[in-house]
Amino acid sequence: YLLEKIRVIQQNNNERNFHIFYQLLQSNLKQKYLLKNIDDYKILNNGYIELEYESDHNNFIDILKAFDIMNFDQSEVDDIFNLLSIILNLGNLNFTSNNDISCLHKNEYLDTVLLLSGWKYADINTFMCHEYIKIGNEIIKKNLTIQTSEVKLHTFMQDIYESLFNFIIDKINVNLKIEENDTYNFIGILD
């Protein structure tokens, strides 16, 4: 399959991010996953671009039906939407600098990420703003600049989306009873 991961954080003019973000934000489940409005999320940088012949709301209902048909249990569906909400909120994180050392700026989007993920501020701040380098037998903690932290955040968001995508594809292929080396019957494209 081809997954255009960069689309998670950046789209061309008049191009939408992955449809599922808009569908979830247009659904009656957005409050359950602590979501706001489409224009509140930076990774949807072109705002809401309505589909000409389709409805995000109706497509979302179809996705819910498809999850049921493909034997996704409710906890898996909740985890999928929870992770999508985390990605949307991660896109609104900001970094501050103190002597050219970055750290996460606390805001409502970070609070939502922490609530949905169960992560602690100290842990995600360390993850986003530092890296560890092993030199010989010693491990050195290196402070990152804002720019490097932003790149790390974007990579993290793309990795979460890719892992989620892979989980869905694998689950569907298992439920369709597709063998690993079957090149005739498989699902490999999803948008």
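How do the residues lining the second largest pocket divide into nonpolar, polar and charged? The views below come from a predicted model, and the pocket is where we start.

**View 1. A close-up of the second largest pocket, with a volume of about 180 Å³.** The split in the lining is 6 nonpolar, 3 polar and 2 charged residues. Look for Ile9, Lys42, Ile43, Gly91, Leu93, Asn94, Phe95, Glu150, Leu153, His154 and Met157 around this pocket. Helix H6 (146-175) and strand S1 each chip in at least two lining residues, and H6 gives the most, with 4.

**View 2. Strands S1 and S2 pair up as a hairpin.** S1 (residues 94-98) and S2 (residues 101-105) run antiparallel, held together in this view by 5 bridges. To find your way around, pick out Thr96, whose bridge partner in S2 is Cys103. There are 2 residues between the strands, and Asn99 in the turn has a positive phi of about 55°.

**View 3. Another hairpin, made by S3 and S4.** Here 6 bridges link S3 (residues 130-135) with S4 (residues 138-143), again in an antiparallel arrangement. Ile135 has Glu138 as its bridge partner in S4. With 2 residues between the strands, the turn includes Gly136, which has a positive phi of about 65°.

**View 4. Glu76 and its contacts in helix H3 (residues 74-90).** Is Glu76 buried or exposed? Glu76 counts as buried because its relative accessibility is 16%, under the 20% cut-off. Leaving aside residues up to four places away in sequence, Glu76 touches Asn71, Phe167 and Lys171.

How values were computed:
Residues numbered from 1 in each chain as written. Predicted model: local features only at pLDDT ≥ 70, side-chain atom pairs only at ≥ 80, totals over all residues. Heavy atoms only, no water. Buried < 20%, exposed > 50% of the residue type's maximum accessible area, 1.4 Å probe, protein only. Contact = heavy atoms within 4.5 Å. Pairing = 2+ DSSP bridges. 1 Å grid on protein atoms, 1.4 Å probe; cavity = no way out; pocket = protein on both sides within 12 Å on 5 of 7 lines; lining within 4 Å. Points joined across faces, edges and corners; volume = space filled by probe spheres on them. Nonpolar A, V, L, I, M, F, W, Y, C, P; charged D, E, K, R; others polar.
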